[in-house]
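Colleague: I would like to learn how to read a model such as this one feature by feature, beginning with the terms and then moving to the cases. Could we go through it together?

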Amino acid sequence: MKKTVKLCPDSSCKELTLTQVCDFLRSHDDYLLLCHATPDGDTLGSAFALALGLTAFGKKCMIKCADKIPQKYNYFTSHFENREIEYKTVVAVDVADIVLLGSLAQEFVGKIDLCIDHHISNTRFADNLYLDSAAAANCECIYDIFHCMPMPFDNIAASAIYTGLSTDTGSFKYANVTAKTHRIAADLYGFDFSPSEISRLMFDTKSRGRIELERMVLDTAQFYFDEKCMVLVATKQMQEETGCDDTDLEGVAVISRSVEGVLAGVSIKEKHGGTYKISVRTYPPLNASEICKELGGGGHKNAAGCSLTGNLEDVKKQVLAVIGKALEESNAGSSSDK
């Protein structure tokens, strides 16, 4: 079984303070902002808010992502004119590992000047890193940068940052939420956008195909380790039958930890070429980041991911072996495969 290979972990990466990252952004120009593949609200909110702020500050920017940007984010993405420029400075936002850039990863090995991130598992692949692992969402980092620079702040940037906060905290219900998260959200409420409409779009609106896909995925549910681990699978065939793509698979991982008694929820999504994207969601005492780190990935304490190649059963066995070990070590329950 082949684990995800970290293309460029670099111990020479320089960690910057908030003041230093603002100095960096002031002194450079012609920015290419990179989002991670299968983009979510936090990486997109970070990139588009930063692009809007830097543009208003007098800088040139463009944004690039390996995968299609979901249409549901149009309320802020459509307000930035994302034109090709001859970029000089490459910045990755909300990207913990260069492999998370997907098909863009190989192109940018050794070429990323700055990474702005909040994942404690960050592999320090960029020349410079601004990391706030206490931030509930990477958009908290972007908010801090706006105020430290300072950069002009408008309604669209506010809606983008709010989107990142909301989506990375499960609408402010996850354990990563802090008092600072709520203070930022309260400040953003002073701008002219609709938090309730964002919540509806992000959490309460699903296509008919997505509903059908969820039904199929739930039919694959299997429980292990005295029902403390639930595994769900989304195959390529399911996606083709329902007309769903990666953008419709957002949130499937959350289903796997919504069952009473489950400490580890796992969703396995089939990609191209025998590759599977693994999303792990955990409750204490399990640590999703440590589990996925064993599998070549990483993320947060309660939410993390990785990619594995092989056939589905072998991939599943590898993931279960790591989770079983974690359960044994935490004394959270039997490691018997049940």
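Modeller: Helices, and strands likewise, are taken as DSSP runs and numbered from the N terminus, with at least four residues needed for a helix. Please keep in mind throughout that this is a predicted model. With that in hand, threonine 77 can be placed in helix H3, which covers residues 74–77.

Colleague: Is threonine 77 buried or exposed, and why?

Modeller: A residue is called buried when its relative accessible area is under 20% and exposed when that area is over 50%. Threonine 77 has a relative accessibility of 10%, and therefore it counts as buried. Once its neighbours within four places in sequence are left aside, threonine 77 is in contact with Phe48 and Ile69.

Colleague: How should I read the buried residues of a whole helix, and which residues of H8 are buried?

Modeller: The general idea is to look down the helix axis and take the arc of the directions from that axis to the C-beta atoms. In H8 the buried residues are Gly209, Arg210, Leu213, Glu214, Met216 and Val217. Viewed down the axis of H8, these buried residues fall within an arc of 165°, so they line one face of the helix. On the face of H8 turned away from that buried side are the exposed residues Arg208 and Asp219, while the cover over the buried residues includes strand E9 (229–234), helix H9 (236–242) and helix H10 (252–255).

Colleague: Which span should the twelve residues of H8 have, and how far apart are its end C-alpha atoms?

Modeller: The expected span is 1.5 Å times one less than the number of residues. For H8, residues 208–219, this gives 16 Å, and because the end C-alpha atoms are 17 Å apart, the two values agree.

Colleague: What is the relative accessibility of arginine 210, given that it is a residue of this helix?

Modeller: Arginine 210, found in helix H8, has a relative accessibility of 10% and so counts as buried. As for its place in the fold, arginine 210 is 54 residues from isoleucine 156 in sequence and 28 Å from it in space, taken C-alpha to C-alpha.

Colleague: Could we apply the reading by faces to another helix, and which residues of H7 are buried?

Modeller: In helix H7, residues 195–204, the buried residues are Pro195, Ile198, Leu201 and Met202. Seen down the axis of H7, they fall within an arc of 125°, so they line one face of the helix. The exposed residues Ser196 and Asp204 are carried by the face of H7 turned away from the buried side, and what covers the buried residues of H7 includes H3 and helix H5 (155–168).

Colleague: Turning to the backbone, where are cis peptide bonds found?

Modeller: One cis peptide bond joins methionine 149 and proline 150, with omega at about -10°, and proline 150 lies in the loop between helix H4 (138–148) and H5. Another joins proline 284 and proline 285, with omega at about 10°. Proline 285 belongs to the loop between strand E11 (275–282) and helix H11 (288–294), and its relative accessible area is 52%, so it is exposed.

Colleague: Which residues other than glycine have a positive phi?

Modeller: Threonine 38 is one of them, with phi near 45°, and it sits in the loop between strand E3 (31–34) and helix H2 (41–56). Because its relative accessible area is 17%, threonine 38 is buried. Phenylalanine 172 likewise has a positive phi, near 65°, and its place is in the loop between H5 and helix H6 (179–188); at 18% relative accessibility, phenylalanine 172 counts as buried.

Colleague: Finally, how do I read a pocket, and what lines the second largest pocket?

Modeller: A residue counts as lining when it has an atom within 4 Å of a point of the pocket. The second largest pocket has a volume of about 210 Å³, and its lining consists of Leu52, Thr55, Lys59, Lys60, Cys61, Phe80, Glu81, Arg83, Glu84 and Ile85. By class, that lining has four nonpolar, one polar and five charged residues.

Technical notes:
Residues are numbered from 1 along each chain as its sequence is written. This is a predicted model: local features need pLDDT of at least 70, side-chain atom pairs count only at pLDDT 80 or more; totals for chains, interfaces and linings use all residues. Side-chain values use heavy atoms; hydrogens and water are left out. Helices (H or I, at least four residues) and strands (E, at least two) are DSSP runs, numbered from the N terminus. Buried means under 20% relative accessible area, exposed over 50%, partly exposed in between (1.4 Å probe, protein chains only). Contact means heavy atoms within 4.5 Å. On a 1 Å grid over the protein atoms alone, a cavity is a set of points where a 1.4 Å probe fits but cannot get out, and a pocket is an open set with protein on both sides within 12 Å along at least five of seven lines; lining residues have an atom within 4 Å of a point. Grid points are joined across faces, edges and corners, and a volume is the space filled by probe spheres set on the points. Ala, Val, Leu, Ile, Met, Phe, Trp, Tyr, Cys and Pro count as nonpolar, Asp, Glu, Lys and Arg as charged, and the others, Gly among them, as polar.
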